[in-house]
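Have the sequence and the 3D view ready, and let's take a stroll through this protein chain. We'll begin with the overall picture and then zoom in on a few spots.

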Amino acid sequence: MDSSVASKSQHISLLSLLKEHFGFTSFRPLQEEIIRDALAGRDVVALLPTGGGKSLCFQLPALARPGLTLVVSPLIALMKDQVDALQANGIAATFLNSSLSAQESQARLHGVHRGDYQLLYMAPERLMLPGSLNELQHWQVNLLAIDEAHCISEWGHDFRPEYRRLVELRERFPSLPIMALTATATGRVRDDISTLLKLQNPACYVASFNRPNLTYRVQAKANPVEQILAFLRAQPHESGIVYCQSRKATELLAERLQAHSIKAKPYHAGLTQEERTRHQELFLRDDVQVICATIAFGMGINKPNVRFVIHADLPKNLESYYQETGRAGRDGLPSECILLFSAGDTVKQQRFINEKPGIQEQEIARAQLQQMVQYAECPTCRRVELLQYFGDTYTSANCGSCDNCLSPRDTFDGTEIAETLLSCIETIYESSGFSVGLNHVIAVLTGANTEKIRRWHHNQLPMYGQGKAHSRPEWAAMARELIRLGYLRQATEAFSVLEITEQGRAFTQERHTIMLTKPISGPSRKAPPTEALAHDESLFNQLRQLRKTLADERDVPAYVIFSDVALRQMAREYPKNEQEFLRISGVGTRKLEEFGADFLAVIAEYVESNPRQRFSETSAVPSLSTPLLGKAKPLSGTIQETLRLFQRGFSVEHIAKQRKLAASTIYGHLEQSIQAGDHVDINRLLTPDQQTQIAEAFTQTGYGNLTGAKELLGDLYDYGQLRLFRAVHGKS
C-alpha cells in the first residue's frame, strides 16, 4: 500500500476512534503527531499545558492496537478519576493501588493476565515492587506512559525520588517504548526527563504554554478573606480553588467561608487520608464549591469546570504558580486566576528558604522567589512574563486578558527616587566597605533607629532620613522595580545584598528620566472578552441538575457524564434527535447510548413550555467579572475616536501609531463599534479571497471557537482580524 494512502487510512481510523470513544471530531495541537510516534514505537517527551489533552496521547493508542498500555501515575485520586472517565466512554481500564483490598487487587490482576484491559494505571512505588516487575513480563505491554514526568527531576517543582527508579524499566525492557508527559517543565527539567529515563532518540513535543481562556490578575492584599468573599459572591454557582501557604490558613479560611454560607472544605497534608479523599470527592462532584488548599492539592485533578484559582499567599516560584493556575478552565471556558500580593509574603518565603539544607538549593530558591515577585509587580503583560519564563513567546504586547493589559497602571517620573536610592547604596558602600540588603538601605533612608544602623554609624551618613516622604513599603516597591529595570541587582546569597549595575552607574554619571509604575491596587473593573458561547441559562441549569443526578447514581464526578462545554452547547442548539445530539462536542457512541435519551427528554420537555432563544454567532456569555447589564453602554470616547479615524480612511496600523495604542486594541475598538451598530467596512481590511478563507475556517470550528479558527489558519491572520470578520458576519 502507498505510504500516503496508509497514512490517510490511519488518520481516518484514529479520528473514528476519537469520535466513537471521546466524542471529538478533531485533534488538539500536537496530539496526532504524538500518537503516531507512539504507535510507531518511538520514545516521546510530550509537554502539553494543563487542559491540552495529554491523557488522550496515550489513551487513544491503547484503543488502536491490541495489548496493554501501562500508565505510571503519582496519585491515587488521579488514577480513579481517569479510570472512571475511561469506563464511562466504554474503554476497558483499571488501576492497582493501595486503596484496593487484597481481594480486589487479585481480581484485577487476573483480569490483566487474561488481557481484559487496554489500560492499567499504577503508582511508581507499586510498579517497582519485585512482584510487579516479574508479572510485567507476562502482560503484553506495548507502551509505558509516565504521567507528571517532571517529578523525576530535582529541578522540577514536585520532585519525587520514587520516580528515579523508573529507569530500571528501560534496563529490564529496552525495547518497550516510553512516553513521558508533563504540563510544566523548563528546558533543564525536560533534559533531565530524557536523561534520567534513558530515552532513546525521543521525539520531543512542546506545545505553547499559553492558556488563552485564563485571565491573570494580581491584587494588592488588604483583607484577603473579604476580598475572596467579594469574588465568590459574584459567582455563587462556580467552583474553584484557593491556595494558602499554611495548613492553619486553609482551615481558618474554610471556616470563614462556611460562616458566610459558602460550601468550602480545607485540604492539606495534616488531614487524614480519609479526610483528604472525602473533601476531594465532594469537590469533584460539585457538592463543595471551594477547596481551600495548600500545594498538597491539585496535581492530576481532572476537574474541567474549575472556574477560578485564587492564591491567597505568594507561591514560591513561577513554575508552581503556572501549574496551580493551570487547574482552572481545563474545559477551555473563561476562568480567572487571581494572586493576592503583599510584599510581606516574601518575608515568610525567605524564612522557608533559610531553613533549606544546602547553600546552592537556597540560592536557587531565592532566585526563583525574585522572579515570582517580579511577576507580581511587573507593569507589563502578565501572559508575556509567564511565557517568557518557559522559553515561550507571545507575539502581542497586549493580551487583552490580564489586569495590566485591561487596566494599565499609571506611571510617574521616578528619576529623583532612583537617584536618591542609588546614592544611598553607593554612600553606604563607600563608608563601610561592604554592601547591605534592601531592608537596611530603606532603614537608612527612612531614619530608622536599629542596632545595625547605630553599630555601623549609618545614622551619621548624609542620606540618613532623607527618604521619610515615602513609607518603607513604597521604597521597597520602587527599589524592586529598579531591579526589574536593570539599575540594581539583588544577590541570591543568604544576605541578598543590593548592588548597583553597570546600567545604574551609567545613570548616576549621566542622569536621564526614569519612569516608574504605580504599585498594584485592588480589583480591576474592566473585564476581558470571552469566547464562551451564549446559551439558554435556564436549560443549562436543568441539564446540570440531570448530570448531577446521573453522576450520583453511578458514583462518579459530574464531568465524567458530560463537560460544561457540552451542556452549554446543548443549551444553545436544543438538539431534537440522536443525530443532532451526536454533533455535540464530547458525545460519542457510548455516551449517546447511555445518556442520550435522558438529556433529549429534558430538552424536549423544556422547549414545550419555553421559547427557544436565538443566538447570533458572535454572542458570548459574560466573563466572571462582567456585571450583567440591562442595556448596552454607549461607546466610550476612546472607541469613538478610533472609529472616527477609521471612517476617515486611516489604517489600523496608522491609528495605533498615532494614538500610541496596540493594534489589537484598535481592532477591539472596531469590534465594539460593530456590536454597537456602527458601520465598519471590512473590505478595507480583508480581500474577498481572505474573507472566503476565514469563513471556511469558522465553518469548520463554529463561530464561537475563535481559538480553533486561529489554529486552522496559522499565522495568516491575527486575532483582531478574525474578531472583526466574525463581528461583521454575525451582524449580517
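What follows is a short tour of the whole chain, some helix pairs, a pair of cysteines and a few single residues.

## Ground rules

This is a predicted model, so local features are given only where pLDDT is at least 70, side-chain atom pairs count only at pLDDT 80 or more, and totals for chains, interfaces and linings use all residues. Numbering starts from 1 along each chain as its sequence is written, and side-chain values use heavy atoms, with hydrogens and water left out.

## The whole chain

The chain has 32 helices and 17 strands. Both are DSSP runs, numbered from the N terminus: helices are H or I with at least four residues, and strands are E with at least two. Of the 732 residues in the chain, 53% are buried. Here "buried" means under 20% relative accessible area, "exposed" means over 50%, and "partly exposed" is in between, using a 1.4 Å probe and protein chains only.

Now for contacts, meaning heavy atoms within 4.5 Å. Take the contacts in the chain with a separation of 6 or more: residues 24 or more positions apart account for 72% of them.

## Helix α19 and its surroundings

How many of the 8 residues of α19 are buried? The count is 7, so α19 is largely enclosed by the rest of the structure. The buried ones are Leu438, His440, Val441, Ile442, Ala443, Val444 and Leu445. They pack against α18 (415-432), α20, α21, β15 (488-490) and β16 (498-500). After α19 comes Gly447, with a positive phi near 70 degrees.

Let's look at one of those partners. Helix α19 (residues 438-445) packs with helix α21 (residues 472-485) at an angle of about 130 degrees, and their axes are 10 Å apart. That makes α19 oblique to α21. For the angle words, under 35 degrees is roughly parallel, over 145 is roughly antiparallel, 65 to 115 is roughly perpendicular, and the rest is oblique. The axes are lines fitted to C-alpha atoms, for helices over the stretch in contact, and angles run from 0 to 180 degrees between N-to-C directions.

The crossing of α19 and α21 is right-handed; that is, the near helix is turned clockwise from the far one by less than a right angle, while anticlockwise would be left-handed. On the α19 side, Leu438, Asn439, Ile442, Ala443 and Leu445 meet Arg472, Trp475, Ala476 and Ala479 in α21. Sorted by class, this contact has 7 nonpolar, 1 polar and 1 charged residues. Nonpolar covers Ala, Val, Leu, Ile, Met, Phe, Trp, Tyr, Cys and Pro; charged covers Asp, Glu, Lys and Arg; the others, Gly among them, are polar.

## A second helix pair

Helix α23 (residues 537-554) and helix α26 (residues 589-609) pack at about 150 degrees, with their axes 10 Å apart. They are therefore roughly antiparallel to each other. Their crossing is right-handed. The residues in contact include Leu539, Leu543 and Leu546 of α23 and Phe595, Phe599 and Val602 of α26. By class, the contact of α23 with α26 has 9 nonpolar, 2 polar and 4 charged residues.

## Two cysteines, no bond

A disulfide is a covalent bond between the sulfur atoms of two cysteines. For this count, the two sulfur atoms must be within 2.5 Å. The structure holds 0 disulfides. Why is Cys381 not bonded to Cys399? The sulfur of Cys381 is 3.7 Å from the closest cysteine sulfur, in Cys399, and that is too far for a bond. Cys381 is buried, at 3% relative accessible area, and Cys399 counts as buried too, at 13%.

## A few single residues

Most residues other than glycine have a negative phi. Here are two non-glycine residues with a positive one.

| Residue | Phi | Loop | Relative accessibility |
|---|---|---|---|
| Gln140 | near 55 degrees | between α7 (130-136) and β5 (141-146) | 64%, exposed |
| His457 | about 60 degrees | between α20 (451-455) and α21 | 48%, partly exposed |

Gln59 lies in helix α3 (residues 54-64) and is buried, at 7% relative accessibility. Leaving aside residues up to four places away in sequence, Gln59 touches Phe22, Gln82, Leu86, Leu119 and Tyr121.

Finally, find Ala709 in helix α31 (residues 706-713). Ala709 is buried, with a relative accessible area of 0%. Ala709 and Ile694 are 15 residues apart in sequence, and their C-alpha atoms are 7.8 Å apart in space.
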